[in-house]
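Open the model in your viewer and keep the selection tool at hand. This tour moves from one selection to the next.

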Amino acid sequence: MSMHRRTFLKSLGIGAGAFALSSAAMPRRARAAASTDRNFVFAYFSGGWDTLLSLDTRDPNVFTEARVGETRIELGWDRLTAEYRTPVMPSGSNILFGPAAAAIAPHFDQICVVRGMSMDTVTHEVGRRYMLTGMVPRGTRAAGSSMGTRVVTQQGDLRPLPHLVSRAEAYNEGDPPFASGLAVQGSTDLLTALQDGPAAPQGVLRQRIDAYRLAEARCDPAALDKRGLLGLVSGSQAKARSLVSSGVARHFQFASMTDPEMVALRTRYGFTGQQTNSGSQAALAFQALKHGVAQSVTIELADGLDTHDTNWSTDQAPTQAAGWTALAQLVADLKAEAHPSGGTLMERTTIVVFSEFGRTPLLNSRDGRDHSLCGAAMLLGAGVPHNKVVGASSDSGMNPRAINPMTGAADDAGTVLSPTLVLASVMETAGMSTDRLRVRGLPCLMA
Amino acid sequence: MKKIFALSLVLGACGAEPSPQVMMPPDHMMMPSPSPSPSTSPSPSPTPAPVQDGRSTRRVSVAQMRKAIPALFNGLTWTGGNPRNPVPMFDLMARTLGEANYLSSTEENLEPNPIFAKFMDDMAGQVCAAAVAADRAAPAAQDKMVLPYAADPARNLRFLRLKLHGIYVPENSTEGLENLQALYDGVLGETSSADQAWTGVCIAMLTAPELMAY
């Protein structure tokens with residue numbers, strides 16, 4: 001069931017005036033071509049994932065320990081527990097998944113794996129912000145708006161929380177305020193943000209304060225509102241009230257022992273109470289899309305992947321696996337959930353899964369893996385080609401290979417994939433302008 | 001060059017076709033000042049509103065609020081959790097409010113977003129209620145934080161306007177206070193509680209752009 005902003009404003013009797021203040025200079029209507037019926041999930045695996053264990057794996061029978069000197073690729077899976085030693089390729093799949101990504105493999109019918117993406121950095125902040133925004137950062141500072149902000153800008157303000165961000169970064173550079181990410185640190189935080197605190201004004205006090213804010217005239221706009229900040233403050237206060245009064249918090253009461261929906265959610269996603277883990281993050285995204293709370297959700301699905309030392313053998317695979325398992329549950333739920341306009345939610349949702357870069361194909365002297373310029377990503381759902389691999393890394397050293405932009409196959413005369421190209425493709429396939437990214441999408445990445 | 005320029009102005013203004021003869025424009029068109037000469041009759045244009053150049057307005061940071069609230073309210077600040085062991089909420093919610101932790105984020109998010117607005121309402125509700133209660137218990141006016149002139153609402157509003165917003169309102173003026181007065185009167189009328197009314201005024205002023213932006 002979708003909920004519209006104006007419904008909440010009417011329920012407060014405030015009207016649209018305060019909202020108009022917040023973005024009076026910015027267009028609020030959706031672009032004509034942008035798909036307003038598309039949800040987005042941007043799922044981040046933090047720390048730099050070992051793609052040999054997931055998206056850019058190798059056959060251990062071919063890439064053996066004996067051939068490391070030749071291939072410069074050292075799987076090292078003998079150091080891992082038994083469940084992480086065998087890649088997975090379900091029947092009918094064109095994609096070989098690494099052992100840590102076994103959980104997502106059954107959903108190959110929704111997946112496009114992107115390999116050989118050149119990250120141009122081995123710095124966490126730079127790689128992360130590059131993938132978040134689609135633009136090369138200025139030093140370590142993000143350039144441009146994050147993807148959630150971009151897509152919401154073009155779709156328009158369609159939901160109570162158009163752009164929800166949990167345990168990730170969000171940026172707004174030059175886009176309207178309504179598209180800014182509402183950033184929280186997990187479901188507990190979100191719940192706190194959507195409910196009044198114990199001492200928040202209530203009843204008569206609340207009504208009179210809201211009326212005061214509406215009536216208060218800013219007599220010196222040049223002094224404080226030259227850049228629209230006054231409007232932002234007023235609009236944000238009104239938006240905060242509408243969110244609290246809308247009651248959307250009930251969809252995130254994950255600790256409830258009496259709500260059957262919450263009990264089932266905890267069981268499916270594998271978390272307890274308001275615990276923050278991969279499962280609860282994925283559950284947050286599902287609830288936000290299912291109940292029409294958000295149109296774009298950015299979540300951190302896994303953390304702690306920066307395994308330079310022996311923690312590679314103990315932590316990398318299980319941490320990735322937790323993220324992939326949570327994602328698999330999210331995809332399963334989206335496939336099962338009907339969309340109000342027909343079909344399923346998954347058919348109207350595009351998911352982008354990424355990390356800041358990959359890890360070196362050779363183990364270092366501490367039996368860990370360092371940062372690699374060669375990255376990978378996964379696209380799922382609406383608008384992306386399914387059961388397909390686009391791009392490749394070299395079989396010697398795992399360096400990005402150029403590809404044919406039409407077919408996605410390796411082609412030395414072709415184009416090297418970059419986050420910008422991948423994200424532009426995601427936007428273009430949703431009917432959105434990619435002007436800000438300054439490139440067009442690649443046909444091989446668009447269904 | 002000056003004469004040619006002047007000629008072009010005259011001809012442009014008149015819409016006439018260029019003439020081979022050089023004509024001198026009226027003196028006032030050559031004056032460097034944009035002000036019309038006394039010989040012209042149009043009414044003077046309105047004085048343009050002063051434009052503030054320089055640094056653009058920004059929202060207060062979490063660090064600024066963390067220091068400002070106790071300074072304004074004699075040590076009172078926003079707390080939460082177990083009442084017997086309260087935790088400073090500016091610390092607990094710092095990340096959500098946009099403060100950089102210099103681990104995963106190195107930049108302060110100073111956007112006045114709805115989450116920030118909502119939590120500032122929570123903060124103001126708690127701090128103002130506590131301040132009003134403390135003031136009622138304080139014996140001397142100089143010890144009161146928000147109600148030194150509670151018996152004279154207009155004077156107390158001027159006091160709060162100066163204390164919280166840094167805006168001086170002369171004794172014989174109500175500029176900028178009309179809506180606050182209406183807020184006070186409205187809450188008092190509906191609740192019959194002056195404490196509630198002053199709490200409402202305090203919340204409204206604490207969360208106003210005059211304090212939240214600079």
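The stops below run from chain A as a whole, through one of its helices, to the contact between the chains and a helix pair in chain B. Bear in mind that this is a predicted model.

**Stop 1: chain A, whole**

Select chain A and colour by secondary structure. Look for 13 helices and 12 strands. The chain has a radius of gyration of 23 Å, close to the 22 Å that the globule rule gives for 447 residues, so chain A is as compact as a globular protein of that length. Turn the C-alpha trace along its principal axes: the spans are about 75 × 50 × 45 Å. Of the 447 residues, 57% count as buried. Now consider the contacts in chain A between residues at least 6 apart in sequence: 65% of them join residues at least 24 apart.

**Stop 2: helix α4 of chain A**

Select residues 124–133 of chain A, which form helix α4. How many of its 10 residues are buried? The count is 8, so the helix is mostly covered, given that a buried residue has 20 or more other C-beta atoms within 10 Å of its own. Show the buried ones as sticks: A:Val126, A:Gly127, A:Arg128, A:Arg129, A:Tyr130, A:Met131, A:Leu132 and A:Thr133. Two arginines are in that list. What do these buried residues pack against? Add α5 (147–155), β6 (349–355) and α13 (419–429) of chain A to see their partners. Then step to A:Gly134, which follows α4(A) and has a positive phi, near 80°.

**Stop 3: where chain B touches chain A**

Bring in chain B. Here 36 residues of chain B are in contact with 36 residues of chain A. On the chain B side, highlight α4 (94–97), α5 (114–137), α7 (178–191), α8 (194–206) and α9 (209–212); each supplies at least two residues. Which helix gives the largest share? That is α5(B), with 10 residues. By class, this side of chain B has 16 nonpolar, 14 polar and 6 charged residues.

**Stop 4: α5 against α8 in chain B**

Hide chain A and keep α5(B) and α8(B). The two helices pack at an angle of about 135°, with their axes 9 Å apart. They are therefore oblique to each other. Their crossing is right-handed. From α5(B), select B:Ala124, B:Gly125, B:Cys128, B:Ala129, B:Ala131, B:Val132 and B:Arg136. Facing them from α8(B) are B:Asp195, B:Trp198, B:Thr199, B:Cys202, B:Ile203 and B:Leu206. Colour this contact by class: 9 of its residues are nonpolar, 2 polar and 2 charged.

Notes:
Residues are numbered from 1 along each chain as its sequence is written. Chains are lettered from A and ligands numbered from 1 in the order in which they are written. This is a predicted model: local features need pLDDT of at least 70, side-chain atom pairs count only at pLDDT 80 or more; totals for chains, interfaces and linings use all residues. Two residues are in contact if their C-beta atoms, placed from the backbone, lie within 7 Å. Helices (H or I, at least four residues) and strands (E, at least two) are DSSP runs, numbered from the N terminus. Ala, Val, Leu, Ile, Met, Phe, Trp, Tyr, Cys and Pro count as nonpolar, Asp, Glu, Lys and Arg as charged, and the others, Gly among them, as polar. Axes are lines fitted to C-alpha atoms, for helices over the stretch in contact, and angles run from 0 to 180 degrees between N-to-C directions. Angles under 35 degrees count as roughly parallel, over 145 as roughly antiparallel, 65 to 115 as roughly perpendicular and the rest as oblique. A crossing is left-handed if the near helix is turned anticlockwise from the far one by less than a right angle, and right-handed if clockwise. A residue is buried if 20 or more other C-beta atoms lie within 10 Å of its own, exposed if 12 or fewer, and partly exposed in between; C-beta atoms are placed from the backbone. The radius of gyration is taken over C-alpha atoms; the globule rule is 2.2 Å times the number of residues to the power 0.38.
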